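Trainee: I should like a close look at a single part of this model, namely its aromatic pairs and the surroundings in which they sit. Please take me through them in one connected account.

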Amino acid sequence: MKLLFIGDVVGEVGCRYLSRKLPQLRRELGADVTIVNGENSANGNGITAFSAEQLFHCGADMITTGNHAFQRKESLHIYENDCILRPANYSDACPGKGLGILDLGICRIAVINLSGVLYMENLDNPFTVIDQLLKDIDTPNIFVDFHAEATSEKKAMGHYLAGRVTTVFGTHTHVQTADACILQGHTGYITDAGMTGVEDSVLGVKKEIALDRLRLHVPIRFEEAQGDCFLNGVLVDFDTKFGKTTKISPIFVR
């Protein structure tokens, strides 16, 4: 079976580009299921009911998020949908959950969303949280979106989960890394799946605005870049009986 994971979709432009590319891409790759990170899918970052609907409409089966999960207070109700996840290591008092199950007929897959804590918010320890989650999952097909800043924390999580989950996808830094591999002959891994949005930008933000923020160190509202887009993602072939990745292939579409 094949699973397609799409890196952080940035803004309305990224959503529109994904809607044009994803249906055909799924057919060409033979993807049976698609997970999309949508935490930046709304203009100005965060996720809204409208941007989530756009992602589902173009082919997402499950949407994961990250540190901008609760950026849009008017849209917190979206987490009533079991197919929209927020990081599991947020407090139980927060809306939503960090584990979702998809029944694909011939198998069931579990999707876990986690946030890193190095250089990010002071959340519950993601290593401890995932240990607890794995105790109650009754399918070997387990996919983890680890939304983290530090490459060291992502690498550590990959090795920690090697042999225990099917694939670990790093997200958050919006730059696709060149280290896709299979750990211990079982667990697919990539430090960052990349982003889907405007290529001539700084992580999807207008480059002039990002440069002013970095040069002048003054508060500046980020604005979504406009222009030609690209799509970053990862295709995983996996053995449904053992929950083992047999092939992992980065996807880069201009």
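**Aromatic pairs and their surroundings**

Mentor: Phe143 and Phe238 are both buried. In this predicted model, the two residues form an edge-to-face aromatic pair, with 5.0 Å from centre to centre and 75° between the planes. Phe143 belongs to strand β7 and Phe238 to strand β12, so that the pair links distant parts of the chain, 95 residues apart. Both residues also belong to one aromatic cluster, together with Phe5 and Phe169.

A search of the whole structure finds seven aromatic pairs. Another edge-to-face case is that of Phe70 and Tyr90, whose ring centres are 5.2 Å apart and whose planes meet at 75°. Phe70 and Tyr90 both lie in the loop between β4 (62–64) and β5 (99–103), and the pair therefore ties together parts that are 20 residues apart in sequence. Tyr90 is buried, with a relative accessible area of 7%.

The strands that hold the first pair lead on to other parts of the model. Strand β12 (229–239) is among the elements that each supply at least two residues of the largest nonpolar core, as are β1 (2–6), α1 (11–29) and α2 (49–57). This core has 28 residues, of which Leu4, Ile6, Leu18 and Leu55 touch the most other members. Helix α1 gives the most to this core, with seven residues. Apart from residues up to four places away in sequence, the contacts of Ile6 include Leu18, Leu22, Val36 and Leu231. A second, separate core has 20 residues, among them Ala88, Met157, Leu161 and Ala162.

Strand β7 (142–147), in turn, is among the elements that cover the buried residues of helix α4, as are β6 (108–115), α3 (126–135) and β8. The buried residues of α4 (151–161) are Glu153, Lys154, Met157, Gly158 and Leu161. These residues lie on the same side of α4 because they cover an arc of only 140° around the axis. The general background is that an α-helix has 3.6 residues a turn, so residues three or four places apart point the same way.

Two further details concern this region. Just after α4, Gly163 takes a positive phi of about 85°. An aromatic ring also takes part in a contact of another kind: Arg164 lies over the face of Tyr160, at 5.0 Å from the ring centre.

One backbone feature may be added. His174, in the loop between β8 (167–171) and β9 (181–183), has a positive phi of about 65° although it is not a glycine. His174 is buried, with a relative accessible area of 9%.

Terms used
Residues numbered from 1 in each chain as written. Predicted model: local features only at pLDDT ≥ 70, side-chain atom pairs only at ≥ 80, totals over all residues. Heavy atoms only, no water. Core = buried A, V, L, I, M, F, W, Y, C linked by side-chain atoms within 4.5 Å. Buried < 20%, exposed > 50% of the residue type's maximum accessible area, 1.4 Å probe, protein only. Helix = DSSP H or I, 4+ residues; strand = E, 2+ residues; numbered from the N terminus. Contact = heavy atoms within 4.5 Å. Arc of directions from axis to C-beta. Phe/Tyr/Trp six-rings, centres within 6.5 Å; stacked < 30°, edge-to-face > 60°. Lys NZ or Arg CZ within 6 Å of the ring centre and 35° of its normal.
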